[in-house]
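Reader: I'd like to practise reading a model feature by feature. Could you walk me through one?
Author: Sure, let's put it up and start with a strand.

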Number of protein chains: 2
Amino acid sequence: MTETRSLPSAPHPLDAALALDPLGEHRFGGRTTAPWANMVGPFGGITAAVLLQAALDHPARLGDPLALTVNFAGPVADGAFEIDARPARTNRATQHWSLSLHQGDHVVSTASAVFAVRRDTWAAPELTMPEVPPAAEVAVATPRAGIEWANRYEMRFVEGGWPDLDAGDELPHSRTAMWIRDLPERPLDAPALAAISDAFYPRVFRRRRRFTPIGTVSITTLIHADPRALAAQGARPVLACARGVRFSQGFFEQRAEVWGDDGTLLASSIQIVYYRD
Amino acid sequence: MTETRSLPSAPHPLDAALALDPLGEHRFGGRTTAPWANMVGPFGGITAAVLLQAALDHPARLGDPLALTVNFAGPVADGAFEIDARPARTNRATQHWSLSLHQGDHVVSTASAVFAVRRDTWAAPELTMPEVPPAAEVAVATPRAGIEWANRYEMRFVEGGWPDLDAGDELPHSRTAMWIRDLPERPLDAPALAAISDAFYPRVFRRRRRFTPIGTVSITTLIHADPRALAAQGARPVLACARGVRFSQGFFEQRAEVWGDDGTLLASSIQIVYYRD
């Protein structure tokens, strides 16, 4: 009789990147992982996600993520980091977190998060999802060579796919709409959503159709979906839309939305990005 | 011969609210002022402005405001407060600030700001200002009784003026566009712009045409205009536009833009607001 043994399964790359070790009150240890590498350092979205995860892991946590601001103060070096996560104030229905990510003596990121206990109330959408073909009708894009983190996603561009750099004149806008999900497939949760909210190539590449060094300075993501709504979305693709707002004096603004496939807004995000001329 | 004497002029109400006393390294003392009272506590925009002012006043400050996130962790009581403002990291062209506002033993607000040294680069608008009549052609609105801070502004509503509460059915959207400036007239600067970015009545009042208790939980404002551009705008009205994005489970998102009268985007803002059913 042959013995069948299942190999111990490796964790999902997102879960591996979000794994934190408690190091004492308000302190967590983590590390960058190769699958989430960007051109320099890790993908910003994974840094945002792991900062949120620290609050989620904290024993004093109340409620679910509502807002997250991450300020990328300096470059994240490959390797270990520590996160300081402390509840600055806990109310009946909201909790305010002060977060920071450190490597050695350097503050690498500062962040804040708001968690909330949601309850059913009058509700209404206002912004509506753009009309796009369903994910199944859109081709899966081939990731860009050299952008390792993009291999962690299945992307189906409805508009504004990877830009043809050096392709010619500037474009009048920088819109992207894509169906996206984690690879391997993984049910959506708040850290995954925070990462997806940053999963757009820089808008300045599209407008100018050329590459220039860039770096996100600050990103704020509002999370509209509670854990039940995220679980209902499961591992199916979400629609992620982004566009530039203004490019000026070395900084541009990007706004983004992430929609569930039933047309509900899951997250909304705004970021300011440094660019070199 | 009659003697004419000019009375010592009182400071502008905005400058009075932004006046901070240095209390030692990274610490500033301030106080709420009656002209900026909201229905309960001070107008959120003035709290955002004074937090930004603390970083502006700090002797280690580098560059000019680029991004500001303020988390309203608890109610601000009328009276004195202290602001802790410390540079978390200073780079060559950006500086990251950790800020908090305290009353007694309570953390009332946490905040972060990014300052930047701007330089001329390739630049382009993308979002464009809505087409509206010039300020001079729009009537000045009568402020609402009981909302003292609104008297600190001249507001000319192009769309979405003070809502008729209890006027009937829900509205399908919650857009407001108004020409606005400080009263008395005062040249625009970054703290004034941060305050104006929050100078909209709650979107849920307009959608539902009824009053419910609300409170901003977190606001992020990106400042696109450098001090020279703000000075060029001077004391002329700016166009401030806001709309709701999604209302769900006791929280709604508002997005806003503030435009110069030459059509350039001065600031962009996103906030999440608690509402009671």
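Reader: How many of the eleven residues of strand β6 (residues 106–116) of chain A are buried?
Author: One caveat to begin with: this is a predicted model. A residue is buried if 20 or more other C-beta atoms lie within 10 Å of its own. Nine of the eleven residues in β6(A) are buried, so the strand is largely enclosed by the rest of the structure.

Reader: Which strands pair with β6(A), and in what sense?
Author: Look on both counts at the bridges. Strand β3 (residues 64–72) of chain A pairs with β6(A) in the antiparallel sense over eight bridges, and Leu68(A) has Ala113(A) as its bridge partner there. Strand β5 (residues 94–103) of chain A also runs antiparallel to β6(A), joined to it by ten bridges. In that pairing His96(A) stands opposite Val114(A). The hairpin of β5(A) and β6(A) has two residues between the strands, and Gly104(A) takes a positive phi near 55 degrees in it.

Reader: How do I read the two faces of a strand?
Author: In a regular strand the side chains alternate between the two faces of the sheet. Try strand β2 (residues 27–31) of chain A: Phe28(A) and Gly30(A) point to one face and are buried, while Arg27(A), Gly29(A) and Arg31(A) point to the other and are not.

Reader: Which strands does β2(A) pair with?
Author: Strand β1 (residues 21–22) of chain A is joined to β2(A) by two bridges, running antiparallel, with Asp21(A) opposite Gly29(A). Then there's strand β4 (residues 80–90) of chain A, antiparallel to β2(A) with five bridges. Phe28(A), one of the buried residues of β2(A), stands opposite Ile83(A) in β4(A).

Reader: What about backbone angles in the loop between β1 and β2 of chain A?
Author: Check the sign of phi. The hairpin of β1(A) and β2(A) has four residues between the strands, and Gly24(A) takes a positive phi near 115 degrees. His26(A) lies in that loop too, and has a positive phi of about 70 degrees although it is not a glycine. With 16 other C-beta atoms within 10 Å, His26(A) is partly exposed. Over in chain B, Arg209(B) has a positive phi of about 50 degrees, again without being a glycine. Arg209(B) sits in the loop between α4 (203–208) and β10 (214–223) of chain B, and with 16 C-beta neighbours inside 10 Å it counts as partly exposed.

Reader: Where are the cis peptide bonds that involve Pro184(A) and Pro184(B)?
Author: Omega is the angle to look at. A cis bond joins Leu183(A) and Pro184(A), with omega about -10 degrees, and another joins Leu183(B) and Pro184(B), with omega about -10 degrees. Pro184(A) is in the loop between β9 (176–182) and α3 (190–196) of chain A.

Reader: Is Pro184(A) buried or exposed?
Author: Pro184(A) is exposed, with 11 other C-beta atoms within 10 Å.

Reader: Let's do a helix. What span should helix α2 (residues 44–57) of chain A have?
Author: Work from the rise per residue. At 1.5 Å a residue, the 14 residues of α2(A) should span 20 Å, and the end C-alpha atoms are 20 Å apart, which agrees. As for burial, 13 of the 14 residues of α2(A) are buried, so the helix is largely enclosed by the rest of the structure. In chain B, twelve of the 14 residues of α2(B) are buried, including Ile46(B), Leu51(B) and Leu52(B).

Reader: Which residues have the most contacts inside the largest nonpolar core?
Author: That core has 157 residues, and the ones with the most contacts inside it are Leu193(A), Ala240(A), Leu193(B) and Ala240(B). α2(A) gives the most to this core, with nine residues. For a feel of the surroundings, Leu193(B) touches Ile223(B), Leu230(B) and Val258(B), among others.

Reader: Last one: how do the two chains relate?
Author: Two copies of a chain are related by a rotation about an axis and a shift along it. Here a rotation of 180 degrees with 0.0 Å of shift along its axis superposes chain B on chain A, at an RMSD of 0.0 Å. That is the relation of a two-fold axis. The same surface serves both copies, as 100% of the contact residues of chain B recur in chain A.

Reader: How many residues does each chain put into the contact?
Author: Chain B gives 52 residues and chain A gives 52 residues. Strand β11 (residues 238–248) of chain B gives the most to the side of chain B that touches chain A, with six residues. That side divides into 20 nonpolar, 20 polar and twelve charged residues. Strands pair across the chains as well: two bridges join β11 (residues 238–248) of chain A to β7 (residues 124–125) of chain B in the antiparallel sense, where Arg246(A) stands opposite Pro125(B).

Key: Residues are numbered from 1 along each chain as its sequence is written. Chains are lettered from A and ligands numbered from 1 in the order in which they are written. This is a predicted model: local features need pLDDT of at least 70, side-chain atom pairs count only at pLDDT 80 or more; totals for chains, interfaces and linings use all residues. Two residues are in contact if their C-beta atoms, placed from the backbone, lie within 7 Å. Ala, Val, Leu, Ile, Met, Phe, Trp, Tyr, Cys and Pro count as nonpolar, Asp, Glu, Lys and Arg as charged, and the others, Gly among them, as polar. Two strands pair if DSSP finds at least two bridges between them. Copies are superposed by least squares on the C-alpha atoms of residues with pLDDT of at least 70 in both. The expected span of a helix is 1.5 Å times one less than its number of residues. A nonpolar core is a set of buried Ala, Val, Leu, Ile, Met, Phe, Trp, Tyr and Cys residues joined through C-beta atoms within 7 Å. Lists of a residue's contacts leave out its neighbours within four places in sequence.
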